[in-house]
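Trainee: I should like to take a close look at a single part of a model. May I show it first?

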Amino acid sequence: MANALPIVTSLEGRLLFAVPKKGRLNQATLNLLEGADIQFRRENRLDIALVKNLPIALIFLPAADIPTFVGEGQVDLGITGYDQVQEHDAGLRALYKARRFSGEITPEEETERNSKGSGIETVLDLGFGGCKLQVQVPEKGNYNSPKDLIGKNIGTSFVHLAQKYFANLEWEEEAAKEANGAPVQFSDKIQTKIIELSGSVEAACALGVADGIIDLVESGETMKAAGLKPIDTVVETTAILIKSRNPSNPALVDLIAARIRGVITAQKYVLCQYNVERSGLAAATKIAPGKRAPTVTSLEEDGWVAVSVMVEKKKIAPIMDELTKVGATDILAIMTPVHFISFLLSLYLVDCRYHDKRIQEHSERYSRLPSWLLPSWLDRLLFSPHPYGWVDRKKKQSDAAVAPGGTGNGERWYYHTKQKKLMKMETADAFEMQRSVLLGLAVVVLFAIWVFWRLGAGVVAWLAS
Ligand SMILES: Nc1ncnc2c1ncn2[C@@H]1O[C@H](COP(=O)(O)OP(=O)(O)OP(=O)(O)O)[C@@H](O)[C@H]1O
Ligand SMILES: O=P(O)(O)OC[C@H]1O[C@H](OP(=O)(O)OP(=O)(O)O)[C@H](O)[C@@H]1O
């Protein structure tokens, strides 16, 4: 490695951890790493970052490539979508099958390789990036069931899962025909044509490239805007933490998994505290049994106990109602006016942070001067550009170019779905930032009290003199 880049040589002895370099899973993954106190600084355009406080190196890769690197053992850990792992798996099986057909390997060798799997082990479901890989067809068309698509053209980025899906479907069709005594033609080659597309898959039907598509659906807005409807689900997915079969440092893998698990729990649960008469304790703990068990402590008042219990954030409101019904009092789910104000303040700060990031990454330069004369930060300061300005301008320019589904151009659907995601993400970040903001507020309040006290003391002294 005499001529190797310094960053590459410094990878030695470090656990390699692959994270999505862009796309839907990128920001949530970075938030998770921050929560797990994995500290790093990523140099501009460099896809490797050394972690400062642990012997780890982060490798920024496209989500779709992460299963390959982890499966082959070049990288120890990774975060990607379950759908990507399934696609990788289906790809490997297709490869072994092709090798068996070409005589490169025997049927026994194919079975053995398939049983070994892809070398990837799932460590943890991370809970974000949830969506479904669905078969979609035009809303106003002749296709109503997946079987109607046999022999047709299917556009997708998930070619291996699509091939597997239609191979099964075609096999089922032939088996049903055989059972009815009709002539059948079982074949290893599928009749349905799978067309590989790398993005904006929804446009394929309207443009006549495909009869149906297989693509990811979360809110369903992109699908609806493109005039499509779902007719089946191929895979349900969320982001997962994966590891290679033989990681270089298993103890460190366990440490990271434990930290990430902790961050997820903290994001998902809220501590609920209440007082209840001992006679009502059984009913109350039945309503909120906690993650493991509630903590119960006796109160000074005879016959009363205080209970602390972890409750899923999304269920807290109905649980509080139920607890009141069984006689629980002084219920506290930590959402006092101070918490509310600190949440609004956090949301404002998070929005400012993202707004600045959007301007940096998604606005055009306004000045015609070269960047060495007028750096981009000065350009932003002088001209205060708006992010995504090109979306509206492009729409005006291309009113004639009506998008599939007739609801605007492609960039526009993309922009709107992204905006909604952004709002959700900002709210989640605001909840995370809230504790620091609360601390900041407490410091400001203490400082204000001190200032008033000093002023008051000064005024009293002046009046007395
Ligand atoms: N709409 C969505 N909502 C939630 N998760 C999604 C959504 N779309 C994709 N994902 C998840 O994020 C993973 C990466 O998808 P994404 O489209 O962001 O990839 P990418 O690396 O940016 O690739 P591309 O260049 O194709 O956009 C998917 O495999 C899936 O697990
Ligand atoms: O159901 P929805 O919430 O509308 O999300 C679905 C869309 O999100 C993903 O694409 P993405 O926006 O990541 O861009 P891409 O089409 O370039 O992959 C996916 O491929 C769909 O197009």
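Which residues come nearest to ligand 2?

Mentor: This is a predicted model, in which local features need pLDDT of at least 70 and side-chain atom pairs count only at pLDDT 80 or more, while totals for chains, interfaces and linings use all residues. Residues are numbered from 1 along each chain as its sequence is written, and chains are lettered from A and ligands numbered from 1 in the order in which they are written.

Of the 16 residues around ligand 2, those that come nearest are Gly 199, Glu 218, Ser 219, Glu 221 and Thr 222. A residue is counted as near a molecule if its C-beta atom, placed from the backbone, lies within 6 Å of it. At least two residues of this shell come from each of strand 9 (212–217), helix 8 (221–225) and helix 15 (410–464). Here helices (H or I, at least four residues) and strands (E, at least two) are DSSP runs, numbered from the N terminus. Sorted by class, the shell around ligand 2 holds five charged, seven polar and four nonpolar residues. Asp, Glu, Lys and Arg count as charged, Ala, Val, Leu, Ile, Met, Phe, Trp, Tyr, Cys and Pro as nonpolar, and the others, Gly among them, as polar.

Glu 218 also appears beside ligand 1, where Gly 23, Arg 24, Ala 63, Gly 81 and Glu 218 come nearest of 16 residues. The shell around ligand 1 comprises four charged, seven polar and five nonpolar residues. Domain 1 (6–128 + 240–248) and domain 2 (131–237) each contribute at least three residues to the shell around ligand 1; the domain bounds come from an automatic or database domain assignment.
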